[in-house]
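Work through the exercises below with the sequence and the coordinates open. Each task is followed by a solution in steps.

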Amino acid sequence: MQTKIDGLKAKASNALDKAKTEMHKNVEELEKQNEPWALPQPLSEQSKGSLGFHHIRAQTWLQWHFTIDVDWVPGSEVGLEGLLDFCDRWKIKATIFVAGRFAETYPDLIRDCRRRGHELGTHGWEHGGLEKDEDFRSASYDQQRAWIRLATEAVEKASGVRPVVFRAPSLWISETTLRALEDEGYRYDSSVPARRFDCGFGRVHYLKYFRASSEPYRLSSSHLGLPGNSSLIEMAPSAFLFPINMATLRVLGLPVMKWMVRRISRRASWLVFYCHPHEFVHAHRQSFPRNMSKWNMQGMTPENISLLDGFVEHMMLQGSSPTLFADSLSKALAS
């Protein structure tokens, strides 16, 4: 038995080393090419679907959103409690996307999120605890709306406030999702994987929305990567090929994350970072589906909070304090 355990540990370690090497290689290659990521003029300056947010860049270094994706992972509630204390310590407010079953199971914790002044959204119905995860790219309209409605009702029942911001599980989203969100009264989305491709390591392996704007824009019903006339405003999670999230911070480290943020800030006024509560709890204390990668589980530890401290400190030293989606976007619309 011990031999099998040692073998699994060795495989996980080798996979992690391979991931680190490949990611560093890609980042170094992008730097050598100097300007491969030059974007067209922001969509906010190009089309009638724009919101005209580009003027904000002259007012502040970077608009920043600190977001938390709460998957349906029993045991991860401890990680969310720790993140709430983390936010209190740094005096920051987060946008927290909650899977419906998590809200249904831990209503007191969701109520506490609201009491502490955080913004609540939804993140699918039971994302995280399934062998076959919810896929908003291919599911029917009726199925998607059912998932969204269940999650919405669970979060509203727990917190007393109806959520109006959504993030699709695994950032798997489609034009059908937009229709379902509109019909359920949502106002904001943060799911389009703009500028992101995980090279086989993460969950985003499609390029349909790769050229989407990193600035806020109204979604198009014909293609989510283009601006349109939807009532929903998109604020895509930030990426520079790899996402600006806790997984990248854990694998690549703070220096590379700082470099990625600098690159993004040259051409964007907004940054959206996200993390998961389960990343701050030892894997053996949580319940994961069988398809969870071993090297990813190996990186789950309460000590990750020190990495997050370093990232938040860096952002604060740059003069950037996180804001909530509803606050920042509503102010921009009113200006």
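The exercises that follow concern a predicted model.

**Exercise 1. Overall composition**

Task: State how many helices and strands the chain has, and what share of the chain is buried.

Solution.
Step 1. Counting the secondary structure elements gives 11 helices and 10 strands.
Step 2. The chain has 335 residues, and buried residues make up 56% of them.
Step 3. Take the contacts in the chain with a separation of 6 or more: residues 24 or more positions apart account for 73% of these.

**Exercise 2. Strands β1, β2 and β3**

Task: Determine in which sense β2 pairs with its partner strands, and which way the side chains of β2 and β3 point.

Solution.
Step 1. Strand β1 covers residues 63-70 and is joined to β2 by 4 bridges, with the two strands running parallel. Val70 has Val98 of β2 opposite to it.
Step 2. Strand β2, residues 95-98, also pairs with β3 in the parallel sense, again over 4 bridges. Here Phe97 has Gly121 in β3 as its bridge partner.
Step 3. In β2, Thr95 and Phe97 point one way, while Ile96 and Val98 point the other way. All four are buried.
Step 4. In β3, residues 119-122, Glu119 and Gly121 point one way and Leu120 and Thr122 the other. These residues are all buried as well.

**Exercise 3. Nonpolar cores**

Task: Find which members of the largest nonpolar core touch the most other members, and which helix gives the most to the core.

Solution.
Step 1. The largest nonpolar core holds 74 residues, and Phe66, Phe273 and Phe311 touch the most other members.
Step 2. Helix α8, residues 254-265, gives the most to this core, with 7 residues.
Step 3. Another core, of 9 residues, lies apart from the largest one; Phe97, Val165, Trp270 and Phe325 are among its residues.
Step 4. Now list the contacts of Phe66, leaving out residues up to four places away in sequence. Phe66 touches Phe86, Cys87, Ile92, Lys93, Ala94, Thr95, Phe273, Cys275, Leu308, Val312 and Pro322.

**Exercise 4. Packing of α5 against α6**

Task: Describe the geometry of the α5 and α6 pair, and name the residues that meet.

Solution.
Step 1. Two packed helices are described by the angle between their axes and the distance between the axes.
Step 2. For α5 (residues 141-159) and α6 (residues 175-183), the angle is about 50 degrees and the axes are 9 Å apart.
Step 3. Because of this angle, α5 is oblique to α6.
Step 4. The handedness of the α5 and α6 crossing is right-handed.
Step 5. From α5, Tyr141, Gln144, Arg145 and Ile148 meet Thr176, Thr177, Arg179, Ala180, Leu181 and Asp183 of α6.
Step 6. The buried residues of α6 include Glu175, Thr177, Leu178, Ala180 and Leu181. Their cover includes α5, β4 and β5 (188-189).
Step 7. Just after α6 comes Gly185, with a positive phi of about 85 degrees.

**Exercise 5. Packing of α8 against α10**

Task: Give the axis distance, crossing angle and handedness for α8 and α10.

Solution.
Step 1. The two axes come within 10 Å and cross at roughly 35 degrees.
Step 2. The crossing of α8 past α10 is right-handed.
Step 3. The residues that meet are Leu254, Met257, Lys258 and Val261 in α8 and Gly310, Phe311, His314 and Met315 in α10.
Step 4. Phe311 also appears in Exercise 3, as one of the residues that touch the most other members of the largest nonpolar core.

**Exercise 6. Three loop residues**

Task: Locate Ser170, Leu241 and Ser320, and decide whether each is buried or exposed.

Solution.
Step 1. Ser170 lies in the loop between β4 (165-166) and α6. Its phi is positive, about 60 degrees, although Ser170 is not a glycine. The cut-off for buried is under 20% relative accessible area; Ser170 has 12% relative accessibility and so counts as buried.
Step 2. Leu241 is in the loop between β8 (239-240) and β9 (242-243). Phi of Leu241 is positive too, near 70 degrees. With 11% relative accessibility, Leu241 therefore counts as buried.
Step 3. Ser320 sits in the loop between α10 (304-317) and α11 (325-334). At 1% relative accessibility, Ser320 counts as buried.
Step 4. Ser320 and Leu62 are 258 residues apart along the chain, yet their C-alpha atoms are separated by 6.0 Å.

Note on methods: Residues numbered from 1 in each chain as written. Predicted model: local features only at pLDDT ≥ 70, side-chain atom pairs only at ≥ 80, totals over all residues. Heavy atoms only, no water. Buried < 20%, exposed > 50% of the residue type's maximum accessible area, 1.4 Å probe, protein only. Pairing = 2+ DSSP bridges. Core = buried A, V, L, I, M, F, W, Y, C linked by side-chain atoms within 4.5 Å. Contact = heavy atoms within 4.5 Å. Axes fitted to C-alpha atoms, helices over the stretch in contact; angles between N-to-C directions. Parallel < 35°, antiparallel > 145°, perpendicular 65-115°, else oblique. Left-handed = near helix turned anticlockwise from the far one by under 90°.
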